[in-house]
Amino acid sequence: MSELSPEQPSNDKTQIAAQALHVQFGRQHVLRDVTIEVPQGQTLAIIGESGCGKTVLLKSLIGLVQPTSGHVVYDGQVLDNLNDKQLTELRTRFGFVFQNAALFDSMTIADNVAFPLREHRKIKLEEAYQAVREALSVVGLPSSVMVKRPAELSGGMRKRVGLARAIIMQPEILLYDEPTTGLDPIMSDVITELILRTRDHTNVTSIVVTHDMSSAMKLADRIVMLYPLARLEKDEPQIIFDGTTAEIQKCKDKRVAQFLRGEAGERLQEMRDQFESSRMIAAM
Ligand SMILES: Nc1ncnc2c1ncn2[C@@H]1O[C@H](COP(=O)(O)OP(=O)(O)OP(=O)(O)O)[C@@H](O)[C@H]1O
């Protein structure tokens, strides 16, 4: 395995670290100088308004997005020093819960959940299905769903299947992209509880990208808030808050407080201005 070449994260127990991460697509800069160290067992919520780069950060952490500069260090290994085989092996230690559950429509729930096991471990079908039953029971689903297909389940059930598939490999780290989006408040709370339960049972490190402040406040040990680069001056940091749930409630930064209160602030005026200018262009 490759040795750590950039600076060693300061915390010995750091499981994953983004070091001075910069991501750019064409001319659009999305992440600038983002540094976060996540200790083993921590549950970190990444919040921030739509388009600020939360998902890009999450994808960079598992090597699905290549940073323009900077590094991701996982358990002492720099991701960009790994070849494809090593990266694939490393990813088996990660569980990723996608925003839309990303299930295969043509497969049964049993085969969807068993998929990573069958892909990465030489395991008999019956053994895999036993692991599926256990993973489903952890997320509160009966084994009777195993024969169904994703289209036959509700959105909340599909999210739970996505979580079952992520935990079946007993990952060291779980990354969630908007796990409660599109769910009613009760089902959102169920998913939040499941994330907590999974963390408590397995001591897994969890990184949760979310807009859902009530979920973030309930599950996070730590909250990091990103701000869109387009709204920042060149020398302003993109991480505008990094602290506990208690600290964020006392945070004096207007941008953080507005986000917590769900206020649109100057965005409404900007939308009105855009509307007016497009009306004027149309009238010309
Ligand atoms: N593969 C890509 N190619 C080009 N641009 C991209 C790509 N992935 C993301 N972007 C752009 O990067 C910016 C940040 O996207 P990202 O999905 O990380 O936002 P987000 O904070 O997760 O937003 P949301 O909360 O709406 O999901 C957006 O402007 C998006 O269009």
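Here is a friendly tour of this structure, from its domains through its sheets and helices to the ligand site. The model is predicted, so please read what follows as a description of that prediction. The chain is split into domain 1 (13–93 + 173–187 + 201–261) and domain 2 (101–170). The ligand has a shell of residues to which helix 1 (residues 54–61) contributes the most, and that helix also packs against strands of two open sheets.

**Domains**

- Domain 1 is made up of three stretches, 13–93, 173–187 and 201–261, while domain 2 is the single stretch 101–170.
- Taken over C-alpha atoms, the centres of domain 1 and domain 2 are 26 Å apart.
- Where the domains touch, domain 1 supplies 6 residues and domain 2 supplies 6 residues.
- On the domain 1 side of that contact, the residues are 4 nonpolar and 2 polar, with no charged ones.

**The ligand and its shell**

- Around the ligand you will find Phe25, Val30, Gly48, Ser50, Gly51, Cys52, Gly53, Lys54, Thr55 and Val56.
- Sorted by class, this shell holds 4 nonpolar, 5 polar and 1 charged residues.
- Helix 1 is the element that gives the most to the shell, with 3 residues.

**The sheet of 4 strands**

- One open sheet has 4 strands in the order 2-1-4-5, and its pairing is antiparallel.
- Its edges are strand 2 (28–39) and strand 5 (77–78), each of which pairs on one side only.
- Strand 4 (residues 69–74) runs antiparallel to strand 5, and 2 bridges join them.
- If you want a landmark in this pair, look for Tyr74, which stands opposite Gln77 in strand 5.
- Helix 1 packs on this sheet and touches strand 1 (14–25), strand 2 and strand 4. The direction of helix 1 makes about 125 degrees with that of strand 1.

**The sheet of 6 strands**

- Another open sheet has 6 strands in the order 6-7-8-3-9-10, with mixed pairing.
- Strand 6 (94–97) and strand 10 (239–243) form the edges, each pairing on one side only.
- From one strand to the next, the twist of this sheet averages 15 degrees.
- Strand 7 (residues 173–177) and strand 8 (residues 205–209) pair in the parallel sense, with 5 bridges between them.
- Within that pairing, Tyr176 has Val208 in strand 8 as its bridge partner.
- Helix 1 lies across strand 3 (43–47), strand 7, strand 8 and strand 9 (222–226), and runs at about 150 degrees to strand 8.
- Helix 9 (residues 254–261) packs on the sheet as well, touching strand 3, strand 9 and strand 10. The direction of helix 9 makes about 70 degrees with that of strand 10.

**Helix 3 with helix 4**

- Helix 3 (residues 109–120) and helix 4 (residues 125–138) have axes that come within 9 Å and cross at roughly 115 degrees.
- The crossing of helix 3 and helix 4 is right-handed.
- From helix 3, the contact uses Ala110, Val113, Ala114, Leu117 and Arg118. Helix 4 answers with Ala128, Tyr129, Ala131, Val132, Ala135 and Leu136.
- By class, the residues of this contact are 10 nonpolar, no polar and 1 charged.

**Helix 3 with helix 5**

- Helix 3 also packs with helix 5 (residues 155–167), at an angle of about 35 degrees and with the axes 7 Å apart.
- Here too the crossing is right-handed.
- Ile109, Asn112, Val113, Phe115 and Pro116 in helix 3 meet Val161, Ala164 and Arg165 in helix 5.
- The residues of this contact divide into 6 nonpolar, 1 polar and 1 charged.
- Val113 of helix 3 takes part in the contact with helix 4 and in the contact with helix 5.

Conventions:
Residues are numbered from 1 along each chain as its sequence is written. This is a predicted model: local features need pLDDT of at least 70, side-chain atom pairs count only at pLDDT 80 or more; totals for chains, interfaces and linings use all residues. A residue is near a molecule or strand if its C-beta atom, placed from the backbone, lies within 6 Å of it. Ala, Val, Leu, Ile, Met, Phe, Trp, Tyr, Cys and Pro count as nonpolar, Asp, Glu, Lys and Arg as charged, and the others, Gly among them, as polar. Axes are lines fitted to C-alpha atoms, for helices over the stretch in contact, and angles run from 0 to 180 degrees between N-to-C directions. A crossing is left-handed if the near helix is turned anticlockwise from the far one by less than a right angle, and right-handed if clockwise. Two residues are in contact if their C-beta atoms, placed from the backbone, lie within 7 Å. Domain bounds come from an automatic or database domain assignment. Two strands pair if DSSP finds at least two bridges between them.
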